[in-house]
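Colleague: I am new to this one. Could you walk me through how to read it?

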Amino acid sequence: MQPEQALLKTPLHSAHAEAKARFTPFAGYDMPVQYADGVLTEHRWAREHAGLFDVSHMGPAVLHLNSPSGDPERDHAAIAAALEQLVPADLQRLKRGRQRYTFLLNANGGIIDDLMVLRPERDDRQDRLFLVVNAGTKPADFALIGQALAGTATLTPLADHALIALQGPEAAAVFAALVPQALDLSFMQGRWFGWESHFLSVTRSGYTGEDGFEIMIDNEAAPALWTRLLEDGRVRPIGLGARDSLRLEAGLPLYGHDLDESISPVEAGLTFALSKRRLAAADFPGAARILGELADGPERVRVGLKVQGAPAREGADIATPDGAVVGRVTSGGFSPTLSQPIALAFVPPALAAPGTRLNAIVRGKPQPAEVVALPFVPHRYARQP
Amino acid sequence: MRFTKDHEWIELNGDIATVGITAYAAEQLGDVVFVETPEVGKVVKAGQSLAVVESVKAASDIYAPIDGEVVETQAALSDHPETVNEDPESAAWFAKLRIADPAQIDSLMDRDAYEAFLDTL
């Protein structure tokens with residue numbers, strides 16, 4: 001038997017234990033999978049009120065120019081151009097205080113990871129970009145970025161910081177009681193705010209489809225913020241179990257399941273994140289494949305399925321009514337909002353139109369599965385008016 | 001009522017045994033959202049899959065505690081899977097088995113032995 005590797009703990013671990021969390025190993029961390037309420041109740045709470053998530057296992061980092069000129073616009077252009085070598089987003093034209101969802105791509109256009117990039121607002125911070133990558137891919141991502149941009153820019157993991165997400169229709173009212181100016185942010189905007197004696201890096205974003213914030217704070221101050229937010233009766237802690245069912249309803253892919261190094265952004269249905277300027281320039285890794293798929297159509301595409309019967313889990317085959325296996329489920333479970341099983345799967349484009357009737361094979365038995373438009377549950381982001 | 005280390009319970013009435021899962025198992029599973037019961041007439045050996053329960057996160061097999069033939073299943077569970085969480089050791093039985101060998105039951109744990117076993121987990 002292999003000796004068990006010691007699991008890492010986030011700065012909020014003891015707060016979770018006090019809240020009677022049940023823990024599970026996730027990406028090397030001992031994480032709360034649910035609290036006393038259980039997954040269904042937590043899920044519904046986040047959809048109706050405000051849910052608080054510890055996402056400190058994820059990887060925040062700052063990428064900064066080695067030799068800034070001191071000219072803010074010139075420095076932003078330089079740091080943006082550096083990171084653009086690895087991603088298909090237009091970071092050079094990203095406005096101050098704006099966040100972008102993008103991907104690290106391999107030479108074949110496969111997704112090495114999906115990540116968030118934030119351009120700071122202040123003049124004296126224009127030589128840097130703030131990134132958040134996935135927990136499981138953190139070491140590899142950091143090594144890749146560090147090596148690819150060596151000489152130009154340096155990546156510094158913000159390991160001494162916790163990440164807390166506050167999500168749900170009441171999240172804005174709750175957070176405004178602590179940081180009123182946070183309401184100035186729209187979806188995918190970010191800024192630094194003071195709270196008591198601490199700095200919070202706040203973005204209006206999340207992984208539930210609801211309005212809300214993702215907040216970065218020093219490890220030492222994180223438990224105080226966590227506790228303070230939970231003092232509001234509209235807020236309850238939400239574990240990784242409901243985090244997964246919430247993001248699944250929102251149609252948001254999970255790296256390592258719905259995205260991997262063989263899957264392109266076109267196949268994954270994420271073409272909104274491919275910049276027109278970058279596509280025209282074809283100057284990102286795997287551009288040839290991605291442009292080819294945009295012109296001719298990909299071999300497979302990610303679809304949403306409403307499944308009848310038992311939940312179709314990851315790995316379940318998808319078949320046509322006459323029994324031919326045409327795809328596979330990459331994420332699947334039960335939707336508390338719709339009260340029925342839902343799944344994400346990859347199928348040929350000819351079978352991807354909403355209304356297409358397929359079968360999901362669960363324990364050897366075909367169950368009806370209808371292609372539906374994503375998201376399963378409408379997003380309620382606080383978009384800019 | 002007798003118990004297995006996989007947290008099934010079984011209750012014998014004549015040659016018919018009723019099978020369910022324990023309160024401990026239901027608590028560990030979390031919110032049950034789907035139950036698959038066996039076909040009447042299915043013949044199972046002890047340790048074989050008898051039913052499947054699904055929580056939001058995962059599917060779990062329910063094993064036959066002893067050999068037998070399925071004579072009745074609890075159809076109401078398909079419409080009300082939450083019964084498994086609400087009343088696991090009574091209303092939420094999965095199947096009734098006509099058993100072949102009553103002596104097999106004696107090899108299972110009684111309530112005291114099962115609770116002592118839970119203390120070791």
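Modeller: Start where the two chains meet. The contact draws 13 residues from chain B and 16 residues from chain A. Bear in mind that this is a predicted model.

Colleague: What area do chain B and chain A bury between them?

Modeller: First the general idea. Interface size is often quoted as the accessible area lost when the parts come together. Here chain B and chain A bury about 1300 Å². Carbon and sulfur atoms carry 49% of that area.

Colleague: Which three residues supply the most of the area that chain B buries against chain A?

Modeller: Look at Asp31(B), Val56(B) and Lys57(B). They supply 43% of the area that chain B buries against chain A, more than any other three residues.

Colleague: How many salt bridges are there between chain B and chain A?

Modeller: The general point is that side chains of opposite charge can pair when their charged atoms come close. Between chain B and chain A the count is six salt bridges. Take the pair Arg313(A) and Glu54(B): their side chains meet in a salt bridge at 2.6 Å, N to O. The rule also finds 11 residue pairs in polar contact across this interface, both residues at pLDDT 80 or more.

Colleague: Which elements of chain B supply at least two residues each to the side that touches chain A?

Modeller: Helix H1 (23-29), strand E4 (32-36) and strand E6 (49-55) of chain B each do so. By class, the side of chain B that touches chain A has six nonpolar, two polar and five charged residues.

Colleague: Now chain A alone. Into which domains is chain A divided?

Modeller: Domain 1 covers 13-57 + 160-249, and domain 2 covers 299-372. The C-alpha centres of these two domains of chain A lie 31 Å apart. Eight residues of domain 1 are in contact with 10 residues of domain 2.

Colleague: What area is buried between domain 1 and domain 2 of chain A?

Modeller: About 680 Å², with carbon and sulfur atoms giving 64%. The salt bridge count between domain 1 and domain 2 of chain A is zero. The rule does find four residue pairs in polar contact across this interface, both residues at pLDDT 80 or more. On the domain 1 side, helix H2 (39-48) and helix H7 (240-249) of chain A each supply at least two residues. That side has two nonpolar, two polar and four charged residues.

Colleague: How many salt bridges does the structure hold over all chains?

Modeller: The total is 32. One of these pairs Asp123(A) with Arg96(A), at 2.7 Å, N to O. Asp123(A) lies in the loop between strand E6 (111-118) and strand E7 (128-133) of chain A, and Arg96(A) in the loop between helix H3 (72-84) and strand E5 (99-105), so the pair ties together parts that are 27 residues apart in sequence.

Colleague: In which sense do strand E15 and strand E18 of chain A pair?

Modeller: A general note on strands: in a regular one, side chains alternate between the two faces of the sheet. Strand E15 (residues 317-319) and strand E18 (residues 357-362) of chain A pair in the antiparallel sense, over two bridges. Ile318(A) stands opposite Ala360(A) in E18(A). E18(A) also pairs with strand E19 (residues 365-372) of chain A, antiparallel over six bridges. There, Ile361(A) stands opposite Pro366(A).

Colleague: Which residue takes a positive phi in the hairpin of E18(A) and E19(A)?

Modeller: The general rule comes first. Most residues other than glycine have a negative phi, and most peptide bonds are trans. The hairpin has two residues between its strands, and Arg363(A) takes a positive phi near 50 degrees. Ala27(A) also has a positive phi, near 50 degrees. Find Ala27(A) in the loop between strand E1 (22-26) and strand E2 (29-34) of chain A.

Colleague: Where is a cis peptide bond?

Modeller: A cis peptide bond joins Leu374(A) and Pro375(A), with omega about -5 degrees. Pro375(A) sits in the segment after E19 of chain A.

Definitions and conventions
Residues numbered from 1 in each chain as written. Chains lettered and ligands numbered in written order. Predicted model: local features only at pLDDT ≥ 70, side-chain atom pairs only at ≥ 80, totals over all residues. Heavy atoms only, no water. Domains from an automatic or database assignment. Contact = heavy atoms within 4.5 Å. Buried area = accessible area lost by both parts, 1.4 Å probe. Salt bridge = Lys/Arg side-chain N within 4 Å of Asp/Glu carboxyl O. Polar contact = N/O pair within 3.5 Å; in protein donor to acceptor, adjacent residues only side chain to side chain. Helix = DSSP H or I, 4+ residues; strand = E, 2+ residues; numbered from the N terminus. Nonpolar A, V, L, I, M, F, W, Y, C, P; charged D, E, K, R; others polar. Pairing = 2+ DSSP bridges.
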